[in-house]
Amino acid sequence: MLKINNLWATVKDAAILKGINLQINPGEVHAIMGPNGSGKSTLANVLSGRPEYIVSQGEVEFLNQPLLSLTPEERAAQGLFLAFQYPVEIPGVNNLYFLKTAYNSIRKQKGLQPLDAFDFMKLVKDKIALLDMDEKFLHRSVNEGFSGGEKKRNEILQMLILEPRLAILDETDSGLDIDALQIVAKGVNSLRSPERAILVVTHYERLLRYIEPDFVHVLVKGQILKSGDKNLALSLEETGYQELIAEPRAEKH
Amino acid sequence: MSDSAYLNEVVNKTYQHGFITDIEMDVIPVGLNEDVIRLISQKKNEPEFLLQWRLQAYQYWLQMTPPQWQHLKIEPIDFQSISYYSAPKSNKDGPKSLDEVDPKLLETYDKLGVPLHERARLAGVAVDAVFDSVSVATTFKEKLAEAGVIFCPFSEAVKNHPDLVRQYLGSVVSYRDNFYAALNAAVFSDGSFVYIPPGVRCPMELSTYFRINSANTGQFERTLIIADADSYVSYLEGCTAPMRDENQLHAAVVELIALDRAQIKYSTVQNWYPGDEQGRGGIYNFVTKRGACRGVASKISWTQVETGSAITWKYPSVILQGDHSIGEFYSVALTRNYQQADTGTKMIHLGKNTRSTIIAKGISAGHGQSTYRGLVRVAPSAEKARNYSQCDSLLIGDLCGAHTYPYIEVKNSTAQIAHEASTSRIGEDQLFYCRQRGITTEDAVSMIVNGFCKEVFKELPMEFAVEAQKLMAVSLEGSVG
């Protein structure tokens, strides 16, 4: 589904990613872990096409098509979704209206007719129940005045409605208490299916207790230093990243 | 197209009402002196009292200097290089029925999206069309007269309702008020006059469409609206002008009077020519708008959407004299290219339990500069006065500016005043967030700006709310290549 081949990227002239290789197949859940500043969020942003992030080398294929030449909105229409680490506020824009605009924009790009307000509302009601969200959320402005946890839940709501093929979660666990974490995880797990893949970017192992990954990769200084199964996350939690950073490069993917 | 390239295009969108109507005009020579004022008054067959009032205003104006306190860069205006009267020759005998109006004028208003005939058929909005210095057509006059409503050009009101004019003219905005109000009082040519009798709810929206056409002329219109006890009126105004390299002056005065329990809702969509992307040309818009809530529990509400003009200088205000009276000000001001706007309001609380609300939204793009300037004054007599003010600024790009000058003067300790202000940027962050969800940049900008303006747009009458949203879209969206 996603093939990253020797990906190098810079932000404001600083090289952040230095040769990433990664393959994600349908149905898989991958976790990228790493210390602060290792390039985890950069990877998430590069994949979703954020303009300030410049790819200097390498290729990415998504659903057997080159990804990097697509605009962010085209990538979204292809089924790539990023749950933001810091969701932005859009004052005066009704959350429900935003969701519907996004949903129908993607349908339009796919050549489908827009869903009417009635059918759309039905779709939304099912999803907010799953996330234990109040309907009042829909009538507030996008993320405006939301608590940290509410913002993250709103991201997951958008994800459930847009039903992406590949969902990238960028530090979705940061700022969440344990109850909110469980609800968010429940939402994410409801999306797991043989046609979909999930890429979880996180600093801590905590989230991975609830969203169990098939593969764990450790990103340090813009390179994947180590890959393994979920046990790698557990051992990292005990030893910390320091040991890994100190080691010479163990293996190359 | 990248976001920054798109934003660049957005701020360089061209003006859509910039054409010139080729029609024979009666234009008096440039310059200003007592003879010019006498000539204007004579052309309009005015009664002596009005001529004397104009001359007094002129004498007063001669002693004044243009205000300097505003946050605007303005080249000095040469008041002797402007013509103070310009009217289509075909209009010599004053406004007639629609059938007699010069087809070229009708065509002009068609092109501007204000088809007078069509509007005449579609009941609901009555239009007074002002072309340079004169009113060229007023629709629905007869139908309104059945309800006792007077809606006519100012010059006609002077002839047919001199007592009302004499009683109220200058009673809210004195010619001593400020430099441009004095100038207007001396040379004003036309405008709209509205009187709603006691207990009457005006059966349709009233509107005036102002068009500047001739070069080197100024437009100095004067609008007077009187809502008698227990009456209601909603009034709209729209404004456009041709594209020219020279700046043109527009200095209007609007006076509103609301008697006991009367309500006046005054909405403006101002789209004068804003100048080109280098800042050449455009209208200098110096306007004094003020309403007096004279009666108990009366209400005056100003809503403005200001997208045009090179310079906007206006502060639609409310004097809250009657106990329990209410003043409201809702504003969206957009500046782009080299446009500058210094706009806001004054809420003067005199009566007991008076309330005022101010919602001001400034949007700056390109090299645009938006300033909010507002005064809330609570007099010692204004027991339990309340005010809520909110001023928000939205910046698009990094060459523009937003400024806020709130003045609050409270002389009564029972007053409750709340002021909130914010400045934000349509950032790459918001745009990227929308695009990541599949929304195109164009739709995202439009959504963000409309969201920002929502609290103001919802105050506009329905027909205008749609027009305002479209205008914002035209002004902001551009076409994505």
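## A walk through a predicted two-chain model

A:Tyr241 sits in the loop of chain A that links helix H7 (230-239) to helix H8 (242-246). Keep in mind from the start that this is a predicted model. How buried or exposed is A:Tyr241? Count the other C-beta atoms within 10 Å and you get 18, so A:Tyr241 is partly exposed. Leaving aside residues up to four places away in sequence, A:Tyr241 touches A:Gly34, A:Pro35, A:Val220 and A:Leu236. For a sense of scale, pick out A:Lys125, which is 116 residues from A:Tyr241 along the chain: their C-alpha atoms are separated by 42 Å.

That residue number takes us to helix H4 of chain A, which covers residues 117-130. Let's check its length. With 14 residues at 1.5 Å a residue, H4(A) should span 20 Å, and its end C-alpha atoms are indeed 20 Å apart, so the two values agree. Now, does H4(A) lie in the open or under cover? Of its 14 residues the number buried is one, so H4(A) lies largely in the open. Just past the end of this helix, look for A:Asp132, which takes a positive phi of about 60°.

H4(A) has a partner. Two packed helices are described by the angle between their axes and the distance between the axes. Here the partner is helix H5 of chain A (residues 148-162): the axes of H4(A) and H5(A) come within 10 Å and cross at roughly 135°. The two helices are therefore oblique to each other, and H4(A) passes H5(A) in a right-handed crossing. Which residues meet there? From H4(A) come A:Leu123, A:Val124, A:Lys127, A:Ile128 and A:Leu130, and from H5(A) come A:Leu157, A:Leu160 and A:Ile161. Sorted by class, this contact of H4(A) with H5(A) has seven nonpolar residues, one charged and no polar ones. As you look at those residue numbers, remember that an α-helix has 3.6 residues a turn, so residues three or four places apart point the same way.

H5(A) also packs against helix H6 of chain A (residues 178-191), at an angle of about 10° and with the axes 10 Å apart. H5(A) and H6(A) are therefore roughly parallel to each other. On the H5(A) side you'll find A:Gly149, A:Lys152, A:Arg153, A:Ile156, A:Met159 and A:Leu160. They meet A:Ala180, A:Ile183, A:Val184, A:Gly187, A:Val188 and A:Leu191 in H6(A). The residues of this contact divide into eight nonpolar, two polar and two charged.

Next, try helix H1 of chain A, residues 40-48. H1(A) is mostly covered: nine of its nine residues are buried. Among them are A:Lys40, A:Leu43 and A:Val46. Right after H1(A) comes A:Gly49, with a positive phi of about 90°. A:Asn6 has a positive phi too, of about 50°, although it is not a glycine. You'll find A:Asn6 in strand E1 (residues 2-11) of chain A, and with 12 C-beta neighbours inside 10 Å it counts as exposed.

Time to cross over to chain B. How many residues of chain B are in contact with chain A? There are 19, and they are in contact with 22 residues of chain A. On the chain B side, helix H10 (428-436) and helix H11 (441-457) each supply at least two residues. H10(B) gives the most, with seven. By class, this side of chain B divides into six nonpolar, six polar and seven charged residues.

In the loop between H10 and H11 of chain B you'll meet B:Ile439. It has 25 C-beta neighbours inside 10 Å, so B:Ile439 counts as buried. Again not counting residues up to four places away in sequence, B:Ile439 touches A:Glu73, A:Thr101, A:Ala102 and A:Ser105, along with B:Cys434 and B:Ala444.

Our last stop is a helix pair in chain B. The axes of helix H3 (residues 48-62) and helix H9 (residues 179-187) come within 7 Å and cross at roughly 145°. H3(B) passes H9(B) in a left-handed crossing. Residues making this contact include B:Trp53, B:Tyr58 and B:Trp61 of H3(B), and B:Phe179, B:Ala182 and B:Leu183 of H9(B). By class, the contact of H3(B) with H9(B) has 10 nonpolar residues, one charged and no polar ones.

Notes: Residues numbered from 1 in each chain as written. Chains lettered and ligands numbered in written order. Predicted model: local features only at pLDDT ≥ 70, side-chain atom pairs only at ≥ 80, totals over all residues. Helix = DSSP H or I, 4+ residues; strand = E, 2+ residues; numbered from the N terminus. Expected span 1.5 Å × (residues − 1). Buried ≥ 20, exposed ≤ 12 C-beta atoms within 10 Å, placed from the backbone. Axes fitted to C-alpha atoms, helices over the stretch in contact; angles between N-to-C directions. Parallel < 35°, antiparallel > 145°, perpendicular 65-115°, else oblique. Left-handed = near helix turned anticlockwise from the far one by under 90°. Contact = placed C-beta atoms within 7 Å. Nonpolar A, V, L, I, M, F, W, Y, C, P; charged D, E, K, R; others polar.
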